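Visitor: I am new here. Could you show me around and explain the words you use?
Guide: Gladly; let us look together.

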Amino acid sequence: MSYRETLIRAGLTALAVLSGGAALWACGPFFPNWLLTDEAWILEAPTTWLKDALEPRPSPFDGNRPQQRLKAVVAGERGPHRQTAEVDQRDLETATSNRSLTGKYAEIRESLAQYGDALAAWRQEAAWSDPPPPRPQPPANLTVPAGLPGEFDDYLRGAIAYHQGRFEAARGSWQKLLDRPEAERRRRSTWAAYMLGRLSLQNDPETALPGDPEGAVRWFEHTRELADQGFPDPLGLAAASLGWQARAELARNHSDKALVLYLQQVKAKDPGAVQSIRVTAAKLLNEPKSLRIVAASDEARPIMTAYVLSRWDRVDYEGPLDPAPARKWLEAIKAVQPRNVGDADRLAWVCYRAGDFDAASEWLKRAPGDSPMTHWIEAKLLLRAGKLQEAERVLQGARSRLPKDPGPDHDAFQAYENQLQPALAPRYEGDIGASLLARGDYMGALYSLLIGGYWSDAAYIAERALTTDEARSYVDRSWPVALASHRPDEYGDGWSYLYAGIVTPDRERIAYDLRYLVGRRLVREGRYQEAEKFLPTNLGVPLKMLARSVAEGRDEKRPPADRARSLFRAACVTRYQGLQLQGTELEPDWFIYQGQYENDSYAGARAKGKLPHLGPTADERKRARESEVKPAKRFHYRYRGMDLAREAASLLPDGTPEKARVLATAGNWIEGRDPEAAKPFLDALLSCCGGTDTGRRAKRLNAIPNIEDACEAETRGAGDGSR
C-alpha cells in the first residue's frame, strides 16, 4: 500500500468516529486525487452532487398546485416538539384573552413537549443499546381545561390521546375538529389532517390493527389541499406531508410515486428531502422488481438516475468508481425499454458509468444536442478512442454551460464522506488539460488545470514540464503581479487548493501560488534578483541576505575568513528558510503540504502510467528528467545548505574551532535523516579538526556531536525558520 493511500485510508477511518466537520482535518491533510497520473481517474464517469443532479428536473407538483404554497419550515433550535408547543401557545393567545386559560394550556403543552423530547432521546439510545433502556412513560392525568376554543379543545384532546397510545380516541378528536364549520377550524385544520395521516401509518396498540397506508395517502393529500385553500400552516406540515406520504407509498409498493413525492419535498426546500431520496434509492437498488417500476415511470426514472450518478462509491480508496449501482439501474431500464425519454443524456452517462460504452453511444444519439452532459460523455468516448483534438473541441464548446462550483450547500465533510470529490466544471477543465498535455500543449494544459483547481497537476507542469524561462514568461504574460493579491497570512504558504476539483479557485490565488512557484525555481538557479518580484514580500529580507552572502562569499578579492562567514550565513539561510525560498512544490520537498507530509513521486507516477492516449510524450519525459532538482532527496535544500557550509569550511584554517563548528553544524542538519550524506562532514571533522574539542568529541562518539546551532546569530533578521 502506498504512503499516500495509507494516509487517505487513515483519514477516512478517523472520519467514521467524527461527529462534525470542525474536526475533519485533525487526522491530517486532505490529499486530492492526482488527475494526470491515472487513466481511470481521467476517463472515469463524471460525478455530481445529488442536490445538483436533481436541480434540472421539473417540479412534479400534481395538478396546478402553486409551488410557493409548499414551503418547508426549518425546525427551531429547541427541536420540533418545543417548536410545536410554542406555535400552539401563540395561536391560542391570539384566539383568547383569558390568560388563566392560556396558562393552563401552556402547562399541558409543556408536559407533552417534555415527553416528546424524552421519547426522541430514548429512540436514539435504544438504537445503540442492548438491551434497550426502559421506554419513557407518557404523562398521565392531563385534563383539558374548560373554555378553550373548539378547535383547540379538539386538537389538544387528540394530541394527549396520541401520546398516550390511545389512537382511536385521537382519531375521533381530530375527525371531530375537521367536521366543524370552516370558520371554526381555521387554525388547526392542517394540523388535524396531517396527524390523521401520521396516525394511519401506525399499528394501533389498542386494536392491534395494522396501519392504513391508503388512508394515510388521502389524509396527507388533504393536508396540502387545506394549505392550498388558505388554512394556516405555520409548521410547514404541507411540505412535511410529502415525505410521510412517500413512506405510505413505499408501504404500498409504489416506489415510483414515493420518489416523485420526495422530489416535491426537495422543491419545497425541506432540508431532509435529499437524504430521503438517497436512502430510498439505495434500498431500491437491491429490489429488482421495485427498480423496474421506477424505470418505467417517466417522472420517477430521472430521480433514480440522478441518485445513481451522484454515488461516489469506489472499488477501493484510490480505485475507480464502483460500476455496480449503474449496472443494476441500466438492467432495469433495459428491461422496461422506455420510449419517451427526456433525459437520454443522463442515461448515456449511466451507461458510461456502467462501462457499457456502446450503449452510451446509442443513448447519445437520442440526447439533446445542447446538453453539457451530452458533450461530456461524447468527449469521454473520444478520449478513449484517442481522438484528442476532437474531444477538446467538444469540451471547449460546452465549457460555458456548466455550473461553476457546487455552491455553499456543499462542504468538505460531504466530499470526504462520499470518498473524495465530485466533478463539476472543475473536472471538465481537468479533462481538457489532460488532453492538451498529452499533445504537448504545456501552456494550454497548465491554464485548464489551474482554473479547474487541479493545483498538484498544474504544479507538475509548471515545475517539471516547462523550463524555468518558459514558466517565467508564461506567468508574467498570463498571471501578472497585479493579480497576486493574496498574502501568506490569509492562506498560509502551502496547502494550496485543498478542495481541488470541488470549488473553482479565484484568479488572485492562482496568480499568487503560480508566481511563488516560479520564484522558488529562480532562487534554486541562483537568479535572486529576478526571483524577487515573484516571491511574497515577507521573504524580501532573507532573499537579499542569501543573495548578498553568496556574492560576498564568492568574491575572491575579500579575505578568506570574511568569505567563509558569508558563505556560512548563506548556508544557514538556505537551511532554515530553504522551504520558503527554494522548496519544490511537489517532490522532494512538498511545499504544497508545508513540508510536513510527503507523497509518492508525482513525476514518477506520471512516467510509469500506462495511458495509451493520455500518457506523457517523449518530450515531456525528457523535460521532467532535466528539471529534477539535485539532490532529489526530501528537504533537498538542506543538502544545498550543507554544500555551502562545506565551501565555507574549505576557506578556514585546519584545526580551528571555527572550522570544526561549521562542519559540525552542517553535519547535524542531515545526519539524523541521512547518515551516509553526513559522513564526509564527520571525516573532515576527524581529519582536519581532530585536535579541537568538537573533533575529540566526534572521535569518542564516532559521530558528529550535537552542538549549539550557530545559525541564529548569523541570520538574525532573516525571519522565522522553517523545516
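**The pocket and helix H6**

Guide: H5 gives the largest share of the lining of the largest pocket, 8 residues. The model is predicted, with pLDDT of at least 70 needed for local features and 80 or more for side-chain atom pairs, while totals for chains, interfaces and linings use all residues. Residues are numbered from 1 along each chain as its sequence is written, and side-chain values use heavy atoms, without hydrogens or water.

Visitor: What makes a residue part of a pocket's lining?
Guide: It has an atom within 4 Å of a pocket point; on a 1 Å grid over the protein atoms alone, a pocket is an open set of points with protein on both sides within 12 Å along at least five of seven lines. Here 47 residues line the largest pocket, with Pro80, His81, Tyr194, Arg198 and Trp244 nearest its centre.

Visitor: Why is H6 called largely enclosed?
Guide: Buried means under 20% relative accessible area (1.4 Å probe, protein chains only). In H6, 11 of the 14 residues are buried, so the rest of the structure largely encloses this helix. Phe152 and Tyr155 are among them, and the cover includes H4, H5, H7 and H8.

Visitor: How do you know that the length of H6 agrees with what is expected?
Guide: A helix is a DSSP run (H or I, at least four residues), numbered from the N terminus. The expected span is 1.5 Å times one less than the number of residues. For the 14 residues of H6 that gives 20 Å, and the end C-alpha atoms are 20 Å apart, so the two agree.

Definitions and conventions. 1 Å grid on protein atoms, 1.4 Å probe; cavity = no way out; pocket = protein on both sides within 12 Å on 5 of 7 lines; lining within 4 Å. Helix = DSSP H or I, 4+ residues; strand = E, 2+ residues; numbered from the N terminus. Buried < 20%, exposed > 50% of the residue type's maximum accessible area, 1.4 Å probe, protein only. Contact = heavy atoms within 4.5 Å.
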